[in-house]
Amino acid sequence: MGTSVQVTPLCGVFNENPLSYLVSVDGFNFLIDCGWNDHFDPSLLQPLSKVASTIDAVLLSHSDTLHLGALPYAMKQLGLSAPVFSTEPVCRLGLLTMYDQYLSRRQVSEFDMFTLDDIDSAFQNVTRLTYSQNHHLSGKGEGIVIAPHVAGHLLGGTVWKITKDGEDVIYAVDYNRRKEKHLNGTVLESFVRPAVLITDAYNALSNQPPRQQREIFQDTILKTLKAGGNVLLPVDTAGRVLELILILEDFWAENSLNYPIFFLTYVASSTIDYVKSFLEWMGDAITKSFETSRDNAFLLKHVALLINKSELDNTPDGPKVVLASMASLEAGFSHDIFVDWASDVKNLVLFTDRGQFGTLARMLQADPPPKAVKVTMSRRVPLVGEELIAYEEEQNRLKKEEALKASLIKEEESRASLAPDDNTSDPMVIDTNNANATLDVVEPHSGGYRDIFIDGFVPPSTSVAPMFPFYDNTSEWDDFGEVINPDDYVIKDEDMDQVAMLVGGDDGRLDEGSASLILDTKPSKVVSNELTVQVKCSLIYMDYEGRADSRSIKTILAHVAPLKLVLVHGSAEATEHLKQHCLKHVCPHVYTPQIEETIDVTSDLCAYKVQLSEKLMSNVIFKKLGDYEIAWVDAEVGKTESGMLSLLPISTPAPPHKSVLVGDLKMADFKPFLSSMGIQVEFAGGGALRCGEYVTIRKIGQAGQKGGGSGTQQIVIEGPLCEDYYKIREYLYSQFYLL
């Protein structure tokens, strides 16, 4: 049998909930993605809580909340302790995303699902891989190789390839086929015939907008600004917002516009600082521009970075564009700005992402949109008066309790440390072994002292001291007073790391403004009130999600042609639609499991490990073909002394075999080759090559299913038997290696 593979969805099937899947490869358990929604609903994590302790490794594909939002909580509360793997941008930008989520909620609620320390703990030991880097697992995962590949959609976004014994398991969700301003398209099409492909049906019913949408997007914003209105774009923290920033930057530069643009999140400065150093993860245009002119696309000239709404409120009145988190409008600056701007008909709220189900953003994207919505406005205010006095009294009480508890613990420790000491070392303690000698001295004077002396001052064996404990002060003194130890006043390295982390040290995770919010320990409380907001502003949705559309998904799946296909993450309607299409055009084995339903997608191929014997290999002649060396081998299967299967030379003469042409001919490459050989050549209909006057070369078969179930491709050369025919056929053979 092939490599054993089981898939168990933990969240995110037949709906648009966060993504989280358990994939077991020969008993090694991968948790691929660990997402949460913007409601931070603990009920979504119930399936994960049951298996968290059995996870052997975690793979993260994207840096947004839907793919990694539950990681800090799972590690703190659910017992998840497995090593985590991701690309560098997913790790760094995911960290900032979780910071922004925490700070946004902490300002409006007593959020306690996780803390900043939990976030740091979850991300500090992530193993970061580069694209196409093969990482060999050890121990229980011996023989398994994992590698991230380009997915598009978000910076550092990953298609994961898991390989065991030559069989590939591919996990590809939220990928994008198109090149964008800051990202290349996915490389998913480079994989052909994997054993298992796990992919999503999120956009199976959606068509990608035309390229003209960028002009519509820009014109809509400009029209609003010229009419004196403000534009709000609810965005994520460090994902799709990067594409929008570049689009606006270029448009402002091309048209010499002066309207201010603000990027407002708690970690805006840190986000852009990180992104400036991630150019090698971006699209070809950005990397080439930097290599030739040292022009960094994220040295922003028109977009100002803000980390506090008060900074926005203090800007001059007038039309402006604000990109603010969160995209769901459930919390963050975008929520408050929407409440402020919604009642003005001049303003525009422009959504570039479908809101998560059940959020305010999704409600406003309805057709028709609501005329009024109820929202909860919350803010954190400092305690004053009696509340402050009561809070301080409670804190003092808690401090006294902690101090008392600490002193009791210290006293117990000191007693334990002094208990084994020899009683004779204390001058106040009488050695019971010498009691008789003492009595001999005392008795002649007065028998009355005898009972008092023995009963009152002979301690039990466990006693520390008869009256009070005495601790010897061993401090050293010199002419200037007590000698101090400088090490007692040096901040520990780990403490320095924490401070540097908060205020932009080595990693620069947070800027100083955000750090001040964290370090502010003034007593405060959350005050909330419900409002009914009249929605008079314009509400428009334009698709800038950066995901492959229905047509692209179907084309890619037909090309990849997996042996077995697992569909996840998408509405029930979209999942069923894609399933039926794939059953008809992609492969006969398509699975759509429910939550906590384990499906066995073990390959039907029979794979065996065999050893190539030295006697066989000594007679094999390899020839180089591109990056590979190939040869034809005639052998028979035998066993070594250790019982392992081995290929041995055959004992009888090898039978003749049909000639095999090895190689992959691309018509676009063959055309200039023929031209260089003096053959007049041009493309005819259907991708065929017309060579000279009489000869035509064409490919027959499904181009999207190389080696697939519909049959291999064939190359047909047509024409009369003439000098040109034989010459072109010889050139055609030269493009292959003949075995």
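Two strands are said to pair if DSSP finds at least two bridges between them, and with that in mind I would like to begin at a hairpin in this structure, which is a predicted model. Strand 28, residues 635-639, and strand 29, residues 645-649, run antiparallel and are joined by five bridges. If you follow Val-637 across to strand 29, you will find that its bridge partner there is Leu-647. Between the two strands of this hairpin there are five residues, and Gly-643 takes a positive phi near 95°.

Let me turn now to the empty space inside the model. Rolling a probe the size of a water molecule over the atoms shows where empty space is left. When the whole structure is searched in this way, four cavities of 30 Å³ or more are found, and the largest cavity holds about 460 Å³ of space. Its lining is made up of 34 residues, and those that lie nearest the centre are Leu-66, Asp-236, Ala-327, Asp-353 and Gln-356. Sorted by class, the lining of the largest cavity consists of 12 nonpolar, 12 polar and 10 charged residues. As for where in the fold these residues come from, helix 2 (65-68), helix 4 (88-106) and helix 7 (241-255) each supply at least two residues of that lining.

Next, please find Ser-325, which sits in the loop between strand 15 (321-324) and helix 11 (333-341). Is Ser-325 buried or exposed? Its relative accessible area is 0%, and because buried means under 20%, Ser-325 counts as buried. Leaving aside residues up to four places away in sequence, Ser-325 touches a list of residues that includes Asp-100, Val-235, Asp-236, Thr-237 and Leu-264. Also among its contacts are Thr-265, Ala-331, Gly-332, Phe-333 and Ser-334.

Finally, a word about the cysteines, where the count of disulfides comes to zero. Why does Cys-11 form no bond with Cys-34? The closest cysteine sulfur to that of Cys-11 is the one in Cys-34, but it lies 9.9 Å away, and this is too far for a bond because a disulfide needs the two sulfur atoms within 2.5 Å. Cys-587 is likewise in no disulfide, the nearest cysteine sulfur being that of Cys-582, at 6.7 Å. Both of these cysteines can be placed by their accessibility as well, for Cys-11 is buried with a relative accessible area of 6%, and Cys-587 is buried with a relative accessible area of 5%.

Conventions: Residues are numbered from 1 along each chain as its sequence is written. This is a predicted model: local features need pLDDT of at least 70, side-chain atom pairs count only at pLDDT 80 or more; totals for chains, interfaces and linings use all residues. Side-chain values use heavy atoms; hydrogens and water are left out. On a 1 Å grid over the protein atoms alone, a cavity is a set of points where a 1.4 Å probe fits but cannot get out, and a pocket is an open set with protein on both sides within 12 Å along at least five of seven lines; lining residues have an atom within 4 Å of a point. Grid points are joined across faces, edges and corners, and a volume is the space filled by probe spheres set on the points. Helices (H or I, at least four residues) and strands (E, at least two) are DSSP runs, numbered from the N terminus. Ala, Val, Leu, Ile, Met, Phe, Trp, Tyr, Cys and Pro count as nonpolar, Asp, Glu, Lys and Arg as charged, and the others, Gly among them, as polar. Buried means under 20% relative accessible area, exposed over 50%, partly exposed in between (1.4 Å probe, protein chains only). Contact means heavy atoms within 4.5 Å.
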